[in-house]
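Colleague: Could you take a close look at the enclosed space inside this model for me? I'd like to know what surrounds it and how that part sits in the rest of the chain.

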Amino acid sequence: MKELLFLLADLWMIVVGFTYGWKFIRRYDNYLLGLEWMVVATSGSNFLLWSLISGDEGHVLYDIAYFFDAFSRSVGITLILVLGLMRVTHRYKPSVTVEVGVFGLAIAAGLYLQQFRGHELHVGPASYYLVVNLLTTAFLAYFSWRLWTIGARGHAVAAGMASAAATAIALMYDFFPFPDDAHRTVFYVLALTTWGVQMFVYYRAYGALHDHNVATGLEPAGDDRRVVRA
């Protein structure tokens with residue numbers, strides 16, 4: 001049953017990541033969030049494949065899984081997420097140079113953090129992951145507040161709850177592992193489900209803020225949104 005729940009949770013995250021990543025690009029011209037959502041979905045696809053055909057930590061797919069994990073935990077669902085959401089909170093449209101730069105930084109971080117893999121706790125990297133997550137959570141609290149102020153209270157509550165759950169997952173990831181969960185199956189069921197919910201909720205909340213900005217004249221509608229980037 002645990003393995004089945006794990007597979008379902010991973011499939012849920014994969015579908016959400018690819019579906020709403022494409023929609024971020026297609027509907028909102030937001031490549032930061034669109035590509036990061038697809039990176040998470042690709043990570044989940046690789047993780048699923050590794051689980052089905054190997055499960056061996058010496059397999060190359062495990063190396064790839066660890067890279068994707070470090071990519072998103074260090075820069076992807078932190079700095080890239082914040083910059084992407086600033087499109088609707090601050091009307092910030094990063095240049096192509098900035099977009100390429102932050103993804104390059106995420107790749108470099110993912111490669112560098114490979115050396116700290118293993119079951120033992122590496123306090124430095126684990127603390128870094130936790131700090132950047134908490135900083136991101138502070139911005140997400142602001143994001144939820146913005147939703148509340150425009151009357152999108154359902155989206156505000158959903159975004160707040162998803163962010164709180166993701167922070168709890170971040171705390172459990174390194175510092176508070178579940179007892180009697182040798183292969184971390186229970187943890188990953190919760191984590192993959194939460195990450196999928198995050199991507200779904202943030203997409204819907206982003207749309208609510210975007211629509212509000214369009215209605216109030218702060219954001220151009222339709223094809224006019226493809227303005228020259230700052």
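Modeller: Here is a walk through the fold, then the cavity, then a few residues around it and further off.

A word on the ground rules: this is a predicted model, so local features need pLDDT of at least 70 and side-chain atom pairs count only at pLDDT 80 or more, while totals for chains, interfaces and linings use all residues. Residues are numbered from 1 along each chain as its sequence is written, and side-chain values use heavy atoms, with hydrogens and water left out.

Let's start with the fold. The protein chain has 7 helices and 0 strands, where helices (H or I, at least four residues) and strands (E, at least two) are DSSP runs, numbered from the N terminus. Read from that end, the order is α-α-α-α-α-α-α. The C-alpha trace spans about 55 × 35 × 30 Å along its principal axes. For 230 residues, a compact globule would have a radius of gyration near 17 Å, and the chain's 18 Å agrees with that; the radius is taken over C-alpha atoms, and the globule rule is 2.2 Å times the number of residues to the power 0.38.

As for packing, 48% of the 230 residues count as buried. Buried means under 20% relative accessible area, exposed means over 50%, and partly exposed is in between (1.4 Å probe, protein chains only). Contact here means heavy atoms within 4.5 Å. Among contacts between residues at least 6 apart in sequence, 74% join residues at least 24 apart. The accessible surface is about 11,300 Å², with 68% of it belonging to carbon and sulfur atoms; the areas come from the Shrake-Rupley method with a 1.4 Å probe, and for residues only the protein chains shown count as cover.

Now to your enclosed space. Rolling a probe the size of a water molecule over the atoms shows where empty space is left. On a 1 Å grid over the protein atoms alone, a cavity is a set of points where a 1.4 Å probe fits but cannot get out, and lining residues have an atom within 4 Å of a point. Grid points are joined across faces, edges and corners, and a volume is the space filled by probe spheres set on the points. By this rule there is 1 cavity of 30 Å³ or more, and the largest cavity has a volume of about 60 Å³.

What lines that space? There are 12 lining residues, and Asp29, Asn30, Arg87, Pro94 and Glu99 lie nearest the centre of the largest cavity. Two elements, helix H2 (31–53) and helix H3 (60–89), give two or more residues to the lining. H3 gives the most, with 3 residues. By class, the lining has 5 nonpolar, 2 polar and 5 charged residues. Ala, Val, Leu, Ile, Met, Phe, Trp, Tyr, Cys and Pro count as nonpolar, Asp, Glu, Lys and Arg as charged, and the others, Gly among them, as polar.

Asp29 deserves a second glance. Aspartate 29 sits in the loop between helix H1 (2–28) and H2. With a relative accessible area of 11%, aspartate 29 is buried. Its phi is near 60 degrees, a positive value in a residue other than glycine. Most residues other than glycine have a negative phi. Arginine 91 also has a positive phi, of about 55 degrees, although it is not a glycine. You'll find arginine 91 in the loop between H3 and H4, where it is partly exposed at a relative accessible area of 40%.

Moving on to H4, valine 100 lies in that helix and counts as exposed at 56% relative accessibility. Valine 100 and leucine 32 are 68 residues apart in sequence, yet 9.2 Å apart in space, C-alpha to C-alpha.

The next loop, between helix H4 (96–112) and helix H5 (123–149), holds arginine 117. That arginine 117 is partly exposed follows from its relative accessible area of 24%. Leaving aside neighbours within four places in sequence, arginine 117 is in contact with Glu57, Tyr62, Asp63, Tyr66 and His122.

Arginine 146, in helix H5, is buried at a relative accessible area of 15%. With neighbours within four places left aside, arginine 146 is in contact with Val88, Thr89 and Leu209.

Last stop: glutamine 198, in helix H7 (residues 185–215). Glutamine 198 is buried, with a relative accessible area of 7%, and touches Ala162 and Ala166, not counting residues up to four places away in sequence.

Note on methods. 1 Å grid on protein atoms, 1.4 Å probe; cavity = no way out; pocket = protein on both sides within 12 Å on 5 of 7 lines; lining within 4 Å.
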